Protein chains: 2
Amino acid sequence: MKSVSNPHDCREELRRLEMRVTPARLGVLDVLEHAEVPLDVSTVIAYLDKQQIPADEVTVFRILNAFSKKGLIRPVQFNEGKLRYEYADKPPHHHFICEQCGSVSDVEGCVVGELEKQIEKKTGARVTRHSLEFFGICRRCGV
Amino acid sequence: MKSVSNPHDCREELRRLEMRVTPARLGVLDVLEHAEVPLDVSTVIAYLDKQQIPADEVTVFRILNAFSKKGLIRPVQFNEGKLRYEYADKPPHHHFICEQCGSVSDVEGCVVGELEKQIEKKTGARVTRHSLEFFGICRRCGV
DNA sequence: TGACAAATGCAAGTTACTTGCATATACTGC
DNA sequence: GCAGTATATGCAAGTAACTTGCATTTGTCA
């Protein structure tokens, strides 16, 4: 169990990024900060609903875009045809997605830094980020 | 320069997979077999148009889905909000996508096999595939 | 060559996301 | 605390990438 973040912290985080503090933003930040896996938009909206924080779907999209631009959160794609978002302040890691039950788990550590350097050396490009996801069948789903 | 594939080969490839041979399917297979990078649906459609192969957009979507299911091609995602497809019969590799000009290049070799084994050992899951893409600025775009 | 299943085309639907614009609200200075 | 202003929000409508349903066409096999 993780404790609910001090609302004051979220507040300061937003102020630091020169963003206005609104209930919807605090709510979105709170749910992403405590999520164990990247969340899609409808999950975030469901959380706001449950917390009785009124927020239009469009507003949530706009908030997620704004947070992404500021680097507060990071979009992740699991080949579902939609984006998920995770709090950016996590150590580099990857994800394993079960294609049967959809469960997601973190894969600790990032092994591709070396390869990034190789690419930069070989091609002259600058690599700024990467995405690495593993797909398969989790233990519970597999025989 | 790559040579255009023998239409007879495509034909046999489809028959082998127990799929009917139609002009649209031959066209889609041909363009993907010779593409240097994964193509999105509208690019495939543009190619068919140029070749004067009549094919509805819906048909192309259906063909690509069917080919994916048979493992003939493989969907790839570059965080563009749409899928691309590449011919499956290529050695394992990854992609580098320039976020400025959109150009795509292959990154030879696959370095994550070892990590896959680790995941399987640690979690008891079965990893069937992964996706690894690098994003950044290519040499031509960067200063 | 004809029968039948599979593929296609067209229209309409769905999902994820964006845009425009009027209204509401958070912050700043007083 | 309060007014002024920039910013955030809500609602309606729009868009892009697919998907689905159904009637028609076409490839395949006997």
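**Two chains, two DNA strands: the contacts**

Across the interface of chain A and chain B, the rule finds 11 residue pairs in polar contact, both residues at pLDDT 80 or more. Keep in mind that this is a predicted model.

Let me stay with that interface. Which elements of chain A give two or more residues to the side that touches chain B? They are α5 (113–123) and β6 (126–137). The largest share comes from β6(A), with 12 residues. By class, this side of chain A divides into 13 nonpolar, 9 polar and 6 charged residues.

Now salt bridges. The rule finds 2 of them across the interface of chain A and chain B. Here is one: R129(A) with E99(B), side chain to side chain, at 2.7 Å from N to O.

Next, contact and area. In contact are 28 residues of chain A and 28 residues of chain B. Between them the two chains bury about 2800 Å². Carbon and sulfur atoms carry 55% of that. Three residues of chain A stand out: Q77(A), R129(A) and F134(A). They supply 20% of the area that chain A buries against chain B, more than any other three residues. So R129(A) appears twice in this story: in that trio, and in the salt bridge to E99(B).

On to symmetry. How are the two copies related? A rotation of 179°, with 0.0 Å of shift along its axis, superposes chain A on chain B, and the RMSD is 0.1 Å. That is the relation of a two-fold axis. In chain A, the C-alpha nearest the axis belongs to L132(A), at 2.2 Å. The same surface serves both copies. In figures, 100% of the contact residues of chain A recur in chain B.

Now the DNA. I start with strand D. Around DNA strand D there are 23 residues. The nearest are T22(A), D56(A), T59(A), R62(A) and F61(B). The surface is built from both chains: α2 (23–34) and α4 (57–70) of chain A, and α4 (57–70) of chain B, each supply at least two residues. It has 10 nonpolar, 5 polar and 8 charged residues.

What part of strand D is within 4 Å of the protein? Of those atoms, 72% belong to sugar or phosphate, and the rest to bases. Two phosphate contacts come from chain B. A backbone N or O atom of V21(B) lies 2.9 Å from a phosphate oxygen. A polar side-chain atom of N65(B) lies 3.0 Å from a phosphate oxygen. For the bases, look at R20(A): an N or O atom in its side chain is 3.1 Å from a base nitrogen of strand D.

R20(A) also takes us to the other strand. A polar side-chain atom of R20(A) lies 3.3 Å from a base nitrogen of DNA strand C. On the phosphate side of strand C, R25(B) brings a polar side-chain atom to 2.8 Å from a phosphate oxygen. D56(B) does it with backbone: an N or O atom at 2.7 Å from a phosphate oxygen. Two or more residues each come from α4 of chain A, and from α2 (23–34) and α4 of chain B.

In total, 24 residues surround strand C. Closest are V21(A), T22(B), D56(B), T59(B) and R62(B). The classes are 11 nonpolar, 5 polar and 8 charged. Of the strand C atoms within 4 Å of the protein, 71% belong to sugar or phosphate. The rest belong to bases.

Note on methods:
Residues numbered from 1 in each chain as written. Chains lettered and ligands numbered in written order. Predicted model: local features only at pLDDT ≥ 70, side-chain atom pairs only at ≥ 80, totals over all residues. Heavy atoms only, no water. Least-squares fit on C-alpha atoms with pLDDT ≥ 70 in both. Contact = heavy atoms within 4.5 Å. Near = heavy atom within 4 Å. Polar contact = N/O pair within 3.5 Å; in protein donor to acceptor, adjacent residues only side chain to side chain. Helix = DSSP H or I, 4+ residues; strand = E, 2+ residues; numbered from the N terminus. Nonpolar A, V, L, I, M, F, W, Y, C, P; charged D, E, K, R; others polar. Buried area = accessible area lost by both parts, 1.4 Å probe. Salt bridge = Lys/Arg side-chain N within 4 Å of Asp/Glu carboxyl O.
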